[in-house]
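User: I would like a close look at a single part of this protein. Please take one strand and explain its surroundings step by step.

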Amino acid sequence: MIRHALTRHAVWAALACTGLGGCGFSGAADLPLPGGADLGDHPYTVRARFANVLNLVPQSAVKVNDVAVGRVVKVALPRDGWTAEVTMKVDGDVRLPANAYAELRQSSLLGEKFVQLSAGPPGGAGAGPGRLADGAVIPESRTNRNPEVEEVFGALSMLLNGGGIAQLRTITVELNRALGGNEPQVRSLLEQARELVGGLDANRQAITDALDGLNRLSATLRARRDQIGVALDDIEPGLVVLAEQRGALVRMLRSLDELSRAAVTTVRRSRDDMIADLRALEPTLRRLSDAGRDLPDALQVLVTYPFTDAVLPAVKGDYLNVYLQVTARPGTQVVPPIKPAQGD
């Protein structure tokens with residue numbers, strides 16, 4: 001009897017909850033799953049828009065750094081767009097930046113789907129200012145998903161069936177044919193390439209200095225762009241004059257060519273005579289060479305005759321005293337002695 005009474009009470013309680021709207025029971029999706037994330041006392045709601053949610057279902061986990069912090073509440077298609085909107089409940093103690101990213105991942109190769117929230121783009125870092133608040137929407141530009149197993153197998157099937165495997169075999173065969181019998185040349189090519197790379201590596205500082213110098217030259221030319229422009233403008237009239245006198249310049253060059261031909265012919269014809277003259281001049285040049293320093297000294301005395309360096313000690317100031325004594329022959333008139341002469 002007690003068992004029947006408990007059964008009736010349970011049935012009446014279930015019927016009462018079903019009839020009353022306050023229970024809010026809408027299906028099995030509202031039943032909490034064992035082992036789920038603890039949402040705490042004050043969870044907040046976050047929505048994310050994905051281009052494709054694949055097999056994501058309500059009650060799926062929401063993780064941060066692979067730690068469950070919430071669950072998916074609803075997956076629907078909004079009226080104002082064609083992107084799937086995922087509504088999530090997140091623990092109130094979890095703080096995320098305002099520019100948080102949402103990525104759809106899979107726990108294993110054939111495991112369940114879950115939503116991964118991060119402070120920056122997948123594979124990167126960088127949290128923005130502010131906090132992800134209750135009711136925030138993560139746009140499609142900050143959501144992503146991993147490739148599915150079916151997509152990987154489909155791409156592999158396309159590669160194996162209609163892809164480039166046959167082409168790879170053809171490339172391998174042709175490469176073997178090209179290298180067959182040319183091993184020494186290929187080895188020499190590789191050795192030269194190795195030496196080239198080694199030389200470049202050994203001179204990397206010089207190459208860097210050259211590039212720096214080229215950079216400085218470019219900067220200097222850029223700084224003097226106006227002067228270069230003025231120089232180019234000023235040189236234009238000269239180029240015009242040269243273009244006008246091109247005929248005269250060509251005739252002058254032809255005349256110089258004819259003159260050089262005549263000079264060469266003259267030198268060739270007088271070569272024997274010139275050699276004979278040089279041979280005849282050889283003894284004179286040898287005597288001059290043997291004279292050595294005596295020749296300059298003799299020339300110095302020649303230009304100072306008759307007052308050479310030897311008479312300088314006898315000069316007193318600006319005067320020169322000269323005493324002459326003359327002996328006359330018998331029968332000649334005696335000339336009185338000459339008085340001292342004064343002069344320079």
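The answer below follows one strand and its partners.

Analyst: Let us take strand E6. This is a predicted model, where local features need pLDDT of at least 70, side-chain atom pairs count only at pLDDT 80 or more, and totals for chains, interfaces and linings use all residues. Residues are numbered from 1 along each chain as its sequence is written, and side-chain values use heavy atoms, with hydrogens and water left out.

Start with the whole protein. It has nine helices and eight strands. Both are DSSP runs, numbered from the N terminus: helices are H or I with at least four residues, strands are E with at least two. The protein has 344 residues, and 15% of them count as buried. Buried means under 20% relative accessible area, found with a 1.4 Å probe and protein chains only.

Now to E6 itself. This strand covers residues 113-118. Five of its six residues are buried, so E6 is mostly covered.

Next come its partners. Two strands pair if DSSP finds at least two bridges between them. Strand E5, residues 101-106, pairs with E6 in the antiparallel sense. Six bridges link E5 and E6. Within this pairing, Leu104 stands opposite Val115 in E6. E5 and E6 also form a hairpin, with six residues between them.

Strand E2 pairs with E6 too. E2 spans residues 61-64, and its pairing with E6 is parallel, over three bridges. Here Val64 stands opposite Leu117 in E6.

One general point helps when you view a strand. In a regular strand, side chains alternate between the two faces of the sheet.

How values were computed. Buried < 20%, exposed > 50% of the residue type's maximum accessible area, 1.4 Å probe, protein only.
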